[in-house]
Every structure is written in structure tokens, then in C-alpha cells.
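Visitor: I've got a model open on my screen and I'd like a quick tour. Can we go through it piece by piece?

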Amino acid sequence: MTITYYHIHYYGQVVYENDLYKHVHFPEMLIYYSGNFIQFKSMPSLQEFAHAADYLLEFHKRNGQNHVQFYFPPNQKPAKEFIDYFLKEQYIYSFTELYAIRPKEFKYRVLNPEVIVTAVDENTFPYYLDLQFGFDVKFGVEFAKQKAKIHRRHFEDSSFLQLLAYYKGEPVGTVDCIIRDQTVELDNLQVMERYRNLSVGTALQKYVMDHFPDHWVILIAEGEDTPREMYQKQNYQYYGFRYEAYKVFYES
């Protein structure tokens, strides 16, 4: 099986498509950048990018949104003229990396016996929501409130599995598993800052490896963040990169 960015789950629906790009819209959460974006099928010219940006901005403004977000084709780096344009027009640009592993190949040094991982159920869902709210509120209170609605919807969806990690009985970490026929995507793997370096993230991943031994486990890592180094040490294999750019417009 060849793992690509097209195995990654995204929120929203395609509302417009042409030969150059797909436009994805997520009306349930308009402020969620990762659900409201344009995905280019091939690398655009600078003129084509600017035209797409004008289209998306007009669409978003009609819906009360104040951002534009773009994903470029996997494994293609924008040319220097794009980077210069992003800097001039105050876009934030970055890249992510795609990793995957077969569960039997997962490597770890040690499991912390004081860390326990369980699937979220009716009784523990409030703890999961409280913990997620703490993680999400760094993007704003309104974002966290709207994200809570998405968490509730996923709790009712059998293609999602929400996990909760406890350290000495206290909820300290979460991960969302998006289950497909051949893959399980790890999304939103987070641990409370003061409980990091206690193998909480390892325990969450080990739970997935044990319960989905015949799947590929896949994830997206920020291209310049430390966690990607952890995944490499755990024997995840690199399957490519993707550049993205976004811009927030503030009303005068």
C-alpha cells in the first residue's frame, strides 16, 4: 500500500472544483482553517494563485470568515517567487510531513506503568471534553466552544475512536483515531504540558498499535516541530511533505 496525503481525513465538503483545485467548505465550523481551504491539484502559477485567493476571500467574506487557507500539491515546494509573495502579502507559510507505520514495527523504550489509556465512553466523555477544551482554548474561547460540538459528533461516529490517557488517575492526554479500512489516522495527539516526558504519548500510540495490528497507522507532523523527531525514533516512515499557506484579514 502506498501512503499519500490523500489518505488524510479533512473536515468539510467539496463545494467547487476545477482542473486546478478543490474548494472545501465546513459550514459547521467556519473559523476552523483546516476545514475551509483550497487544495491545489497541481502547482499554480503566481497569477493563478492570486486569482484563487481572490475567489476564496470573496466566498469567505460572504460567510463571515476572515481567512484564506491553501494546500499545495504534495511533495512540491513553492518556487522562490511564491515565498517572496507570501512575505510581501503577509501570508504565513509552513510545511507538514506525512508518516506511517505498521503496528508491529512500533519502537519505544519503556511504558510508564502509572499511565493508563482507555477508550472514551459515556462516563469519561466529560473528562475528555474538559481536557480538549483546555487544549483548544489557546486558539480562542469561541474556537474551543465550536470544537466541542465536533468532539460530541465524533463521539457518536463509529469511524472515530477517542482515547484518554491517565497519569495516577488524572486525565492528562488524548488522541483521536480516524478509522478507515486500511488505515488509522492519529489526530490531535496532545498531552498536558506538565505531564510531558512521562511516556503519555507513547502509551496512547501503543494502545492504537495493540488494537489495530492489521492497519497502517498514519499521522501528520509539523515540518519544523520537535515531535517529528520522536516519530522517527519510534520507527515511523516518512512518506512526503506538503506546503501550506494562510492569511488572516482583519476588518478596519
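Visitor: Let's start with a strand. Which residue in strand 8 is the bridge partner of Gln-162?

Guide: Keep in mind that this is a predicted model. Strand 7 (residues 160-167) pairs with strand 8 (residues 170-179) in the antiparallel sense, over eight bridges. Look across from Gln-162 into strand 8, and the bridge partner is Asp-176.

Visitor: And what separates the C-alpha atoms of Leu-161 and Asp-176?

Guide: Leu-161 sits in strand 7. If you skip its neighbours within four places in sequence, Leu-161 has contacts that include Val-175, Asp-176 and Cys-177, along with Ala-119, Tyr-207 and Phe-212. Along the chain, Leu-161 and Asp-176 are 15 residues apart, yet their C-alpha atoms are separated by just this: 5.9 Å.

Visitor: Zooming out, which are the edge strands of the sheet?

Guide: It's an open sheet of eleven strands with mixed pairing, and the order runs 1-2-3-4-11-5-10-9-8-7-6. On average, neighbouring strands are turned by 25° against each other, direction ignored. An edge strand pairs on one side only, and that picks out strand 1 (13-17) and strand 6 (115-119).

Visitor: What angle does the direction of helix 4 make with that of strand 7?

Guide: Two helices meet this part of the sheet, so take helix 3 to begin with: it lies across strand 7, strand 8 and strand 9 (183-191), at about 90° to strand 8. Helix 4 packs on the sheet too, touching strand 7, strand 8 and strand 9. Its direction relative to strand 7 comes out at about 110°.

Visitor: How do helix 3 and helix 4 cross, left-handed or right-handed?

Guide: The axes of helix 3 (residues 125-136) and helix 4 (residues 141-155) come within 9 Å and cross at roughly 145°. Among the residues making the contact are Phe-125 and Phe-133 of helix 3, plus Phe-143 and His-151 of helix 4. The contact residues divide into nine nonpolar, two polar and four charged. As for handedness, the crossing is right-handed.

Visitor: One more pair: how far apart are the axes of helix 1 and helix 2?

Guide: Here Leu-46, Phe-49 and Ala-50 of helix 1 meet Glu-81, Phe-82, Tyr-85 and Phe-86 of helix 2. That contact has six nonpolar residues, no polar ones and one charged. Helix 1 (residues 46-62) and helix 2 (residues 80-89) pack at an angle of about 35°, and their axes are apart by 10 Å.

Methods: Residues numbered from 1 in each chain as written. Predicted model: local features only at pLDDT ≥ 70, side-chain atom pairs only at ≥ 80, totals over all residues. Heavy atoms only, no water. Axes fitted to C-alpha atoms, helices over the stretch in contact; angles between N-to-C directions. Helix = DSSP H or I, 4+ residues; strand = E, 2+ residues; numbered from the N terminus. Left-handed = near helix turned anticlockwise from the far one by under 90°. Contact = heavy atoms within 4.5 Å. Nonpolar A, V, L, I, M, F, W, Y, C, P; charged D, E, K, R; others polar. Pairing = 2+ DSSP bridges.
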